[in-house]
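Me: Please take me through a single part of this one, up close. I'd like to hear how the strands are put together and what packs on them.

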Amino acid sequence: MDKIIVRGGNSLQGEVKVSGAKNSVLPVLSATLLTPQKCIIENVPDLRDVRTMIEILRHLGVNVNFENGRLEVESGEFAGYQAPYDLVCTMRASICVLGSLLARKGRAEVSLPGGCVIGTRPIDLHLKGLKALGAEVNIEHGYIKANCKKLRGTRIYLGGPFGSSVLATANVILAAVLAEGETVIESAACEPEIVDLAEFINKMGGEIEGAGTPVVKIKGVNELKGTTHAVIPDRIEAGTYLVAGAITAGDVKVKGARYDHLGAVIDGLIVSGAELEIKEDEIRVRRDGKISALEVTTLPYPGFPTDMQAQFMSYLSLADGISIITEKIFPERFMHVGELNRMGADITLEGSTAVVKGVEKLSGAEVMASDLRASAALILAGLVAEGETVVSRVYHLDRGYQNMVEKLRSLGADIQRINN
Ligand code: EPZ
């Protein structure tokens with residue numbers, strides 16, 4: 001199993017380009033099932049999760065060609081309706097084929113996603129939405145078995161105990177676009193990835209209004225056509241490189257980043273004492289003073305993203321003072337705390353709140369990644385720690401970061417990947 005070795009101390013300098021958004025490509029790929037015609041998706045990152053979604057589409061009988069960030073997908077009259085356990089268990093986001101399969105085939109069998117280290121992740125809102133549209137849904141032998149003759153538009157309140165759900169919103173949109181009549185989703189997720197999905201479907205001839213707001217209206221249409229679409233830049237990848245620049249007291253330009261998708265992250269960096277220069281498609285971060293402690297609470301978009309929580313924890317572990325990080329989306333998402341403490345951080349947990357007492361320095365250590373964003377956070381900590389940090393289980397990183405080692409090295413980091 002590969003490991004990543006980071007030798008800390010270099011302040012990062014230079015430019016890095018952001019890739020396309022993983023969390024946009026996955027639902028957009030599912031949407032290609034809604035038309036038999038060819039769709040072309042551009043700005044696609046080469047990530048393990050993208051390849052898993054491609055495998056699921058191929059398993060359904062869909063033609064997929066992926067080259068140099070460009071996907072050609074033609075579902076034609078594909079025969080399949082099942083997303084198997086061995087693929088779904090590696091990536092929870094596979095669940096978003098449920099809505100498209102129901103809409104296109106009137107039938108879907110998708111493996112239940114199973115456990116996840118970042119927390120219990122129920123799918124009750126997904127099923128609630130699909131049942132409201134008229135689908136019959138049963139859970140049998142570890143599979144969601146859903147079918148319906150014709151989906152019918154209706155009003156659906158999709159709010160959950162932690163607020164809106166991104167993929168439940170995506171699944172209901174995907175099912176509703178070919179339904180009879182109008183669907184109104186209330187308490188819909190407002191994430192930029194939902195806006196991007198709606199934009200893609202509207203290019204196919206869909207009629208979606210209000211994406212990006214808590215109320216989304218979908219007028220069902222009879223059919224959709226093929227189209228071409230470039231997905232949005234990855235705001236979490238961009239945020240991760242902004243923290244890399246700030247934590248190393250460097251000077252980094254993140255090219256292709258959309259500042260309008262990063263409001264809470266940019267605000268956090270500015271309040272912590274970093275300097276940010278914002279241009280149309282570039283964000284520059286510099287820091288030379290001390291890091292000020294912060295209070296951070298993760299919330300649905302446009303609140304502070306839970307997918308940046310771990311990276312900020314690494315950063316704030318070196319702050320001047322005590323930071324409070326409250327995780328309101330995945331209350332147990334703290335697998336990285338023990339590993340950061342192994343590097344000399346001083347973090348204690350109280351329920352879904354982490355108390356981060358800033359320390360003078362971190363020291364390199366052998367650490368283990370537990371999930372995608374935790375692995376990025378450990379690498380960020382390694383960039384500033386004294387000596388060598390060895391991060392294992394980096395396959396987590398491959399799920400969501402394209403060429404992270406090469407990108408960080410291009411900014412002057414002393415980092416390498418070794419295959420063990
Ligand atoms: C998406 O997951 C992202 N994944 C996650 O990013 C991200 O952390 C999450 O949204 C929150 O922003 C993709 O887009 C592929 P949710 P999703 O449903 O849609 C609860 C990464 O690192 N909930 O918005 O699965 C749930 O337990 C990944 O790239 C229900 O209660 O998350 C959570 O507490 C990790 N019932 C909250 O809602 C449901 O039916 C938000 O989860 C669904 C969710």
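Reply: Two strands count as a pair here if DSSP finds at least two bridges between them. Keep in mind that this is a predicted model. Let's start with one pair and work outward.

Strand 4 and strand 5, the latter covering residues 70-74, are joined by five bridges and pair in the antiparallel sense. For something to click on, try Asn65: the residue opposite it is Glu72, in strand 5. Helix 2, residues 48-60, packs on the sheet here and touches both strand 4 and strand 5. If you compare directions, helix 2 makes an angle of about 155 degrees with strand 4.

Now zoom out to the whole sheet. It has four strands, in the order 4-5-3-14, and it is open, with mixed pairing. Strand 4 (63-67) sits at one edge and strand 14 (228-230) at the other; each has a single partner strand, so one side of each is left without a neighbour in the sheet. Going from one strand to the next, the twist averages 15 degrees.

That leaves the other end of the strand order. Helix 7, made up of residues 192-203, lies across strand 3 (38-42) and strand 14. Against strand 14, helix 7 runs at about 160 degrees. So to retrace the picture on your screen, follow 4-5-3-14 across the sheet, then find helix 2 on strand 4 and strand 5, and helix 7 across strand 3 and strand 14.

Technical notes. Residues are numbered from 1 along each chain as its sequence is written. This is a predicted model: local features need pLDDT of at least 70, side-chain atom pairs count only at pLDDT 80 or more; totals for chains, interfaces and linings use all residues. Side-chain values use heavy atoms; hydrogens and water are left out. Helices (H or I, at least four residues) and strands (E, at least two) are DSSP runs, numbered from the N terminus. Axes are lines fitted to C-alpha atoms, for helices over the stretch in contact, and angles run from 0 to 180 degrees between N-to-C directions. Contact means heavy atoms within 4.5 Å.
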